[in-house]
Amino acid sequence: MPIQVTATGSVEPIQTVAVLPQVQGVLLRVRFREGDEVAVGQVLFEIDPRPYEAALQQAKATLARDLVQAANAVLEADRYGALVANASVSKEDYQAKRAAADALIAAALADSAAVAVARLNLEYATIRAPIAGRTGGLQIREGNVVRPTTSTPLVTINQLRPILVRFAVPATQLPALLRPATRGRGGGARRVLARPGRDTAAVLVGDLSFVDNHVDSATGTVLLKGRFPNRDETLWPGEFVDVTLVLAVDSAATVVPVQAVVTGQQGTYVFVVAADGRVSQRPVTVARTVDTLAVIADGVTPGTLVVTDGQLRLTPDARVEIRGGPAAERTLGVQP
């Protein structure tokens with residue numbers, strides 16, 4: 001039987017990106033529709049590239065000019081280097097030529113960096129999707145001027161597959177959380193079950209992916225996150241869901257149907273059927289309930305026959321009638 005904790009969680013995307021322009025210009029085209037699924041690298045927006053194409057050409061021309069001047073200055077410095085050996089020119093003249101050549105080489109390097117910046121700005125005129133996900137509403141339409149200084153994103157992209165559900169559990173559950181999970185068919189990860197409020201019949205299964213590194217002193221809880229495949233996009237960012245965290249699995253639990261447990265003034269008890277068909281009242285300790293089963297910590301042992309219907313009409317030593325009981329119950333000697 002699972003040992004589990006229930007909580008209320010909220011759905012959040014693993015990644016969310018607010019797409020902002022990195023260059024200024026007129027927004028010429030929007031290459032998607034609001035709410036579309038987009039892939040990584042897909043073109044989303046096109047900003048007027050003409051100013052940046054011209055800037056790139058200008059930077060390339062400046063680089064070409066300075067490369068020619070630097071090459072000529074290097075040749076001239078080399079000639080002066082040969083002449084200074086024969087004392088045909090002064091050492092100061094040679095050093096001046098060499099300094100001029102070095103300055104032009106440095107200018108060419110700066111021009112090369114300017115070309116890289118101009119090329120990058122031209123690339124920024126085409127805005128691509130940085131992640132795969134679903135787009136939200138458009139904030140700016142075609143024809144508007146966009147600026148990199150704006151704080152309003154052009155669009156927001158949320159990754160929905162996979163997705164996270166964040167929830168908090170009491171800090172008293174930390175010892176169970178820090179123990180290794182029981183390995184089963186699903187491997188070593190702890191299971192997290194989520195039930196969307198809009199569809200109580202749907203139960204989604206995920207894995208515990210995050211345990212926060214501190215306890216919130218204000219609430220006495222620990223923040224956890226479960227990771228869900230969400231292939232059919234049942235979970236949606238921002239919605240609230242009912243969460244069940246399976247901490248471990250008790251492989252030898254004693255259980256009875258919930259309806260067999262009666263609560264009285266002296267506590268909880270069940271009616272046990274003896275071999276002669278007579279019943280007796282036996283106190284039990286209920287550790288927890290899981291769906292329609294109550295896990296019994298003390299009071300009954302496996303194989304005990306208990307009453308699940310009509311307890312209000314029973315008194316100690318009363319006889320019961322078993323209707324439609326299986327053959328296993330008949331071996332106890334109880335006659336229907």
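What share of the 336 residues of the protein counts as buried?

## The overall picture

The share is 34%. Keep in mind that you're looking at a predicted model. Its secondary structure comes to four helices and 21 strands. The radius of gyration is 38 Å, well over the 20 Å that the globule rule gives for 336 residues, so the protein is more spread out than a compact globule. Put a box around the C-alpha atoms along the principal axes and you get roughly 130 × 50 × 40 Å.

As for the surface, about 19,600 Å² is exposed, and carbon and sulfur atoms supply 52% of that area. Now for the contacts: take those between residues at least 6 apart in sequence, and 71% of them join residues at least 24 apart.

## A four-stranded open sheet

One piece to pick out on screen is an open sheet made of four strands, in the order 6-5-3-8, with antiparallel pairing. Strand 6 (126-128) and strand 8 (145-146) are the edge strands, each pairing on one side only.

Follow strand 3, which covers residues 25-30, across to strand 8: the two run antiparallel and are joined by two bridges. If you want a landmark there, try Gly25, which sits opposite Val146 of strand 8. A general point helps when you look at any sheet: in a regular strand, side chains alternate between the two faces.

## The hairpin of strands 19 and 20

Further along the chain, strand 19 (residues 285-290) pairs with strand 20 (residues 293-298). This pairing is antiparallel too, and it runs over five bridges. Val290 has Leu293, in strand 20, as its bridge partner.

What sits between these two strands? The hairpin has two residues there. In this hairpin, Asp291 takes a positive phi near 60°.

## Asp212, a buried acid

Asp212 is worth a click. You'll find it in the loop between strand 12 (204-211) and strand 13 (221-228). Setting aside neighbours within four places in sequence, Asp212 is in contact with Val222 and Leu223.

Which side chain of opposite charge is nearest to Asp212? That would be Arg166, at 7.0 Å. A salt bridge needs a side-chain nitrogen of Lys or Arg within 4 Å of a carboxyl oxygen of Asp or Glu. Asp212 has no salt bridge, even though it is buried.

How values were computed
Residues numbered from 1 in each chain as written. Predicted model: local features only at pLDDT ≥ 70, side-chain atom pairs only at ≥ 80, totals over all residues. Heavy atoms only, no water. Buried < 20%, exposed > 50% of the residue type's maximum accessible area, 1.4 Å probe, protein only. Lys, Arg positive; Asp, Glu negative; His and termini not counted. Contact = heavy atoms within 4.5 Å. Pairing = 2+ DSSP bridges. Rg over C-alpha atoms; globule rule 2.2 N^0.38 Å. Areas by Shrake-Rupley, 256 points an atom, 1.4 Å probe, with all protein chains shown as cover.
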